[in-house]
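Look at the sequence and the 3D structure below. The text after them goes through a metal site and then an enclosed space.

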Amino acid sequence: MVRRQRFLFLAILLLWLKTYIVYKTSFDIEIESWMQEFILFINPLSFLLLIFGFSLFMREKWRNRYIVAMSFFVTVLLYINVMFYRFFNDFITLPVLFQTSNMGDLGNSAFELFHFADLLMFVDIALFAWLVWKKSPFVSFESVLKKERSAYFLAFTAIALLNLGLAEGERPELLTRTFDRKMLVKNIGMYNYLIYDAVLQSKTKAQRALADSSELSEIENYVRANEKAPNQQLFGIAKKRNVIVVSMESLQSFVINNKVNGQEITPFLNDFIKKSYYFENLYHQTGQGKTSDAEFLIENSLYPLGRGAVFFTHATNEYHATPEILKNEGYYTAVFHANNKSFWNRDVMYRSLGYDRYFSLDDFNVTDENSVGWGLKDKHFFEQSIPYLKKLPQPFYTKLITLTNHFPFELGEEDRMVPEYTSDDRTVNRYFPTVRYMDESLKTFIELLKKEGLYQNSIIILYGDHYGISDNHNEAMAQYLGKAEITPFDHVQLQRVPLIIHIPGVTDRHPKIISKVAGQIDVKPTLLHLLGIDTKNDIHFGQDLFAKDKLDFVVLRDGSFVTKDYVYKDNVCYDKRTGSKTNVSYCEPYMEKAKQELDYSDKIVYGDLLRFYNQKNVQNDRTTKK
Ligand code: GP9
Ligand code: MN
């Protein structure tokens, strides 16, 4: 049969090898044993056999065309995954893939992500198309015998079962663990994973339809027990002040008080910290939604999703976010970001979060001279935001989102205030000058606030949104940090991002460096309490960072967690003092809590459960008013 249907088998073979080569060269899949390597090798096969198998039911004329079309389609699918992985360091999920507006804007980085060798992926297809077009004898069809078809699908079933069986042996409960995409791809293959993802996606849709208010009471009990009483000395200390929140693009804590080639990387922030509350052990908890996930965490104190960006997948849910709460307290709320308003679906989501006004790309004057990389340079962004800020009704709650320090960290010579780092890794090298540039822009911003009389009566919160340097750059990072390698423990520790709370007249007199383990999820209750707003009726998972008994605990979106003494990642427990592996029993007490929190938060988002809570509260309000 193989000889008679040689074109079919050649197409499958080439795609199979192509996929495996892509696994090995474009994805970072850790292999720990020969068995895992074997599973990885065979895992594209079941999918390929199935979809190419349909050709066996086709009339001869269509069969070859189908084979060429499928080869092309699957290769494109593979290539999209490669590009996506280069950018996000993660595998695609459907919600993100269909964010076409995002994808359009990612075009900016596409050039950087494209490698010439990528074209090799399409060579075989060109050859196939040529063979079919030329009606070469190689592709001349043979009719398919019934028993050939049976043998083919028997082989398919055997291989699929073998794959599943081996995978299940390697990783029990593989298919029920949803947030570990790498493990899924490693075991069932990229193609099957995409199907799996599609099934999950439709389940999500069904989840909302099926959710009912009873699910909320269990979660509410958990949330109430988790909440900590505010610190009475600080409660209301910034009452009625304007709030200015700044999202600092890709800023990680390791650059704070650090140097590149002997020069400070963040001189302004280092100085500002000395007049502020600075949280040195705060971790980002973002997933695929990057900047938007950070916004979601900061303003809702809920976790973003393990797959997709919640800004896209659940933008029309009912939320009870900080802007909405403050609006009810008489604040005007606005957000500033010099990018397309639809990026990350912000225009839709900001309405759900309770923003009065979104100053987006159209509100800024963006020219070739004042932009680089992703758009308007931060310094100009701040300068152009000031007149708008001045005109806002007060008190206001505002969030400004920076952009220049974004991968691939482009910057003109004239804006470079520190030299690039020197290593083999261009991304890491370029990170330092763009961080330095953002630091300088923040300095300008604070000066302008002072000059315009917007500083004294404000509370200013600066936070790093997520990592800038992914695991793909571990080698250069190890070199910079003077380590032999970046271990999984180091990886988690590198997920720390700066959080700075600055209250003029308060923190400049009594600055503080706070070492509690914390996360972005803690910002909402902290800020509300500083503004003197009670959160007793609010559903959130964070804790006031100033609460006396705030837990030393943070869960990252991939299920890793950090406590005072331990770091837990991929089923391994690490001792924080030494960074080495330790007995997993030390981490056990927190495992359940970590899972529980993510699970409860996901339930709220997937089921859109706050729609019931808000209704309930409104009803309570009505009853009290009667
Ligand atoms: C885009 C900006 C950067 O508007 O928020 O997005 P990121 O890729 O960091 O999420
Ligand atoms: Mn970002």
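E249 is buried, because its relative accessibility is 1%; buried means under 20% relative accessible area, with a 1.4 Å probe and protein chains only. T291, at 7%, counts as buried too. The model is predicted, so local features need pLDDT of at least 70 and side-chain atom pairs pLDDT 80 or more, while totals for chains, interfaces and linings use all residues. Residues are numbered from 1 along each chain as written, chains are lettered from A and ligands numbered from 1 in the order written, and side-chain values use heavy atoms, without hydrogens and water.

E249 and T291 both bind the manganese ion (ligand 2): its protein donors are E249 (OE), E249 (OE), T291 (OG1), D465 (OD) and H466 (NE2), 2.1 to 2.4 Å away. Donors here are N, O and S atoms within 2.8 Å of the metal (3.2 Å for Na, K and Ca), and water is not among the atoms, so sites may look incomplete. Along the sequence, the donor residues follow the spacing E-x41-T-x173-D-H. E249 sits in the loop between β1 (242-248) and β2 (259-260), and T291 in helix α13 (residues 290-300), so the pair ties together parts 42 residues apart in sequence. Helices (H or I, at least four residues) and strands (E, at least two) are DSSP runs, numbered from the N terminus.

Which residues are closest to the centre of the second largest cavity? They are D522, F541, K550, F553 and E597, out of 15 lining residues. A cavity is a set of points on a 1 Å grid over the protein atoms alone where a 1.4 Å probe fits but cannot get out; lining residues have an atom within 4 Å of a point. To this lining β15 gives the most, three residues.

Key. 1 Å grid on protein atoms, 1.4 Å probe; cavity = no way out; pocket = protein on both sides within 12 Å on 5 of 7 lines; lining within 4 Å. Buried < 20%, exposed > 50% of the residue type's maximum accessible area, 1.4 Å probe, protein only.
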